[in-house]
Structures are given as C-alpha cells and as structure tokens.
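Open the model in your viewer and keep the selection tool at hand. The stops below say what to select next and what is there.

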Amino acid sequence: MASRFWPHFAAGFDFCAALLASCHALLHKRDTRAATLWIGVVWLLPVFGPILYLVMGVNRIRRRAIKLAVHGTLGRPVPENLGEPEPVGSEHLRLLARVVSRVIPQPLTTGNNITPLVNGDEAFPAMLAAIDAAQKSVSLCSYIFDNDASGRQFVAALQRAVERGLEVRVLIDAAGARYSWPPIGRRLRHAKIPHAKFLPASVFTPWRVATINLRNHRKVLVLDGQTAFTGGMNIRHGNMLSENPKSPVQDLHFLVEGPTVTQLQEAFANDWAFATGEILESYIWFPEVRECGEVIARTIPDGPDGDFDNLRLTLQAALAEAQTSVKIVTPYFLPEIALVSALNLAALRGVRVDIILPACNNLPFVQWASRAMWWQVLQRGCHVWLTPPPFDHSKLMIVDDHWVLLGSANWDARSLRLNFELNVECYGREFARDMAEKIISRKLKGAREVTLSEVDGRSYPVKLRDATARLFSPYL
C-alpha cells in the first residue's frame, strides 16, 4: 500500500521545497536576474533544484557583532585634513571618510604604524618571532593553515607559547583546513593548542549544508593585544620563495602597530565567539594601546551577516572620490557591473586607473572568466597589467597617493558576497606613496600591459571558453 503513495509524497515534498526556495529567493535576492534564475532552477530540477539552492543560493547567516568590554585606546582626535598637508586637497578625503563612517561602526584611529612584509620570506620570520616574544596572549585566524614545513613552524611556536602559560586561540576556516592532508588540526590537538574550525559543513551534515559556501577568508595574528599582522597571506610553504617551493606564491602581509590593533582583535574575538561561544574580553586580549606612528586607519569587516556590503560600498565611495589615480592589485578580478561602472566613470573623469593582475593564475577557470570581461574596462580607458610568474596573490588598492586599502578581499563576487573578509583603510600621504613606490612600481616594472586589440584578437573558441567561464563568476 505504501509503495503506491510514496511517489505522491515525494512529489508533494518537492513542491513544498521548491515553493519555499522560491519564496526565499523572491524575498532575499537583491538582483532580479539572480532571483529569476534560481526560481527557474528549483522548479526545473525536481529535488536537486531546491538542494542546489540551499547549498549555493542561501548566502547570508544571522550573526551580529557582540558587545565587547574593550579598554580605551590612547590617541589624538582624528585631524580634519586626514593628514593631507594642504587643506584644499583634503575635502574629497573627508567625504570618503564620512561615507565609510556611516557604513561601519568602527571609528578612525590615529597614531598607527603599518609596515609591508613581502612574501613569506619577510612575513613568516616576523610573525614567528612575534609569537615567541608574546607575553600574555596570541590569537590567530587563517583561511588556509597547511600541514607543511611552514605550518609546522607555526604549530611549534604556538606550542611554545602555550607551554609558557600564554592564552592562545587559533581559528581556521573549515574549508581552508582541508587544503593539506592530513589537516593541521591533528598537530594542534597533539600540541594542546586551543583551536576551532569556522563554519564546519558538509553534504553529510544536512543541518549545516546552507553554510557550506560561506567561508572565513580573514587572516590576522594579534600578540598581547598590542601588535598585529594582517593582509592576504595564508600559512603555507608556497609563500617562502627563497626556498624554491613546489607551488610558489607571491603575497603581501602587513605588520600593524597602534590603536587599529584593537579593532583587529575585536574582529577575531567576534569570529571566535561565533565559532566557540567563548567571549574574549579580558585585559590580556584588550589592553590599552598607545600611538606609535602617523597613519590614520580603521578596520573594515565584511561578510554575509550584519557586515554585508561594507566593502562594496567602501570601494564604490573610494572610486567616486578619486581625483588623480587609482591603483589596484588583486589576484582575482571579477567585479560586478556596479564596480565596473565605477572604474569606468573614474577613468572617464580623467583618473588614471591601473589594474594589476597575475599573468598566470592558480585557478585557470577564474583567469578565463576574468579575461572575458577585461574589454569592459579597457574600452573606457582603464589600464590592465599582467605580472610575470610566480602567481601573485597580493591585494592592495591606492587612491590619489593618499588612501590605501589592504587586507584579505579580492575583487570578485565571492569576497564581496560570500566570504567573511577583513580589510584596513589607511589615510596618509607618506604611507601611500611608500606603498606605491615599494609595491606598485616594482610590480609594474616587470608587468606587461594588455591592449583592447589583444583581447579582441582572441580566437573564437577561446572567447567562447572565457565567456562560458564568466557565467559562473558569482561562485568562483
């Protein structure tokens, strides 16, 4: 008897699932094209359509920042000219700062010192030495933490910190932890280092499948609440170019000192509380932080939660206020149409726009999709440059040689819609010019400029391949 009715039960279940998925898409998808596409998928693919929407279409979670008992920082009020020597030239910077202040709650802080660290050759020794020098606490968040030569060095340093009696917390993204096998978690457990995975999910845990596409892409290390490292660098041996690794990767990280360290620690504490339920708010995590430099800065957390759209609005505001130059370094360039329009409008206003990308990408499919849209910025006057191998994973943006954005985010839909990202905006002409000279100019010296005729001259099969890849750009 039951065998006669199960097809009806299955059909009824599929109808209800498709109806619920359609209602969710109608209510939560901002892009009408995306909503229409997903509704078509859930109705045209019985059973699999609603499951696919649950896995890839639900890109928000309910999470709000906790209120932390953070000790005050000792700093001066932010100057009205934002460090610009000429008051007349600072008006557009004040407008930019005002927009970002309305987007995110974190205030601008004065008295920061920020030092670039190129590749793992500079970053890893500095980070390991800082862990060994820490006296009270160590907090580390990384998207990828490989079980390789470099990863084992970090485990050893963290273990020494635990043995000295320090409070240590390590947070690794659940997907990033699987980039090496066996995962580094086994070594962390053996070393008795407190650690957790961020949003563990798989198809075998249906109650967590809706978050399988949401990843913590942040990278931050905070020592004693006084010193921090952040940027785009994962913990993997490929960043140690001097040791000729099998898969070399260029990258960029930063040493941060000053009041902005407290904001970076707040970002870690919120992620740790979300992952484990433990609240970090004592003095060892949030001591008073004194000024030690001239850079004005603040963190910009972004993610598919209460911080949604923070980075996108910041980028659009920066491009709208640019007057002379925009320099962008990113490994993955797949911006949505609004950012493409903002780049083109800046170029049409006479702003010099340079977009620096790797010539050889670690993800060929992403490279194809990116190349399919280069014409959209080239035809309006933007300049696209390709840097030679090895693959360059660096992320940096400089506007008018005064405003700098550094951190973990790429120029793609995954960073702007799906990932939890952590960036820092910086105001200061000396720092910006230093970044332009030490980072941007050096990359441009060996780079090759892409022309519109070159992009248009691709063969028909290559154009078709690239255009097909671009259809999947929201999920690359």
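The tour starts with the whole chain and then goes through cores, a helix, salt bridges and a surface patch.

**Whole chain**

Select everything first, and keep in mind that this is a predicted model. Colouring by secondary structure should show 16 helices and 19 strands. Of the 476 residues, 55% count as buried. The chain exposes about 21,200 Å², and carbon and sulfur atoms supply 59% of that area. Among contacts between residues at least 6 apart in sequence, 81% join residues at least 24 apart.

**Nonpolar cores**

Next select Val 326, Leu 343, Val 353, Ile 355, Met 397 and Trp 411. Among the 52 residues of the largest nonpolar core, these six touch the most other members. Helix H10, residues 337–348, gives the most to this core, with six residues. A second core, separate from this one, has 43 residues, including Phe 198, Ala 267, Ala 297 and Leu 396.

Now centre on Met 397. Which residues is Met 397 in contact with, leaving aside its neighbours within four places in sequence? They are Leu 315, Ala 318, Leu 319, Val 326, Lys 327, Ile 328, Trp 403, Val 404, Leu 405 and Trp 411.

**Helix H9**

Three of those contacts, Leu 315, Ala 318 and Leu 319, are buried residues of H9, so select residues 310–321. The helix has 12 residues and reaches 17 Å from its first C-alpha to its last, close to the 16 Å expected at 1.5 Å a residue. Also buried in H9 are Asn 310, Leu 311, Arg 312, Thr 314 and Ala 317.

Show the side chains of Arg 312 and Asp 309. They meet in a salt bridge, with N to O at 2.5 Å. Arg 312 counts as buried because its relative accessible area is 11%, and Asp 309 counts as buried because its relative accessibility is 10%.

**Other salt bridges**

The count of salt bridges comes to 18. Select Arg 298 and Glu 425, which form a salt bridge whose closest N and O atoms are 2.4 Å apart. This pair links distant parts of the chain: Arg 298 is in strand S9 (residues 295–302) and Glu 425 is in strand S18 (residues 421–427), 127 residues apart. Are Arg 298 and Glu 425 buried or exposed? Arg 298 is buried, at 1% relative accessibility, and Glu 425 is buried, at 0%.

Move to Asp 401 and Lys 327, where the closest N and O atoms of a salt bridge are 3.2 Å apart. Asp 401 sits in the loop between strand S15 (396–399) and strand S16 (403–407), while Lys 327 is in strand S10 (residues 325–329), 74 residues apart. Asp 401 counts as partly exposed because its relative accessibility is 22%. Lys 327, with a relative accessible area of 14%, is buried.

Then select Arg 371, Arg 458, Arg 465 and Asp 466. A network of salt bridges links these residues.

**Surface patch**

Finish on the surface with Phe 15, Leu 19 and Trp 43. Together they make a nonpolar patch of about 300 Å². Leu 19 lies in helix H1, residues 2–28. Its relative accessible area is 40%, so Leu 19 counts as partly exposed.

Key: Residues are numbered from 1 along each chain as its sequence is written. This is a predicted model: local features need pLDDT of at least 70, side-chain atom pairs count only at pLDDT 80 or more; totals for chains, interfaces and linings use all residues. Side-chain values use heavy atoms; hydrogens and water are left out. Helices (H or I, at least four residues) and strands (E, at least two) are DSSP runs, numbered from the N terminus. The expected span of a helix is 1.5 Å times one less than its number of residues. Buried means under 20% relative accessible area, exposed over 50%, partly exposed in between (1.4 Å probe, protein chains only). Patches are made of residues with over 30% relative accessible area and no salt bridge: like charges are joined within 9 Å, nonpolar side chains (Val, Leu, Ile, Met, Phe, Trp, Tyr) within 5 Å. Accessible areas come from the Shrake-Rupley method with a 1.4 Å probe; for residues, only the protein chains shown count as cover. A salt bridge is a side-chain nitrogen of Lys or Arg within 4 Å of a carboxyl oxygen of Asp or Glu. Contact means heavy atoms within 4.5 Å. A nonpolar core is a set of buried Ala, Val, Leu, Ile, Met, Phe, Trp, Tyr and Cys residues joined through side-chain atoms within 4.5 Å.
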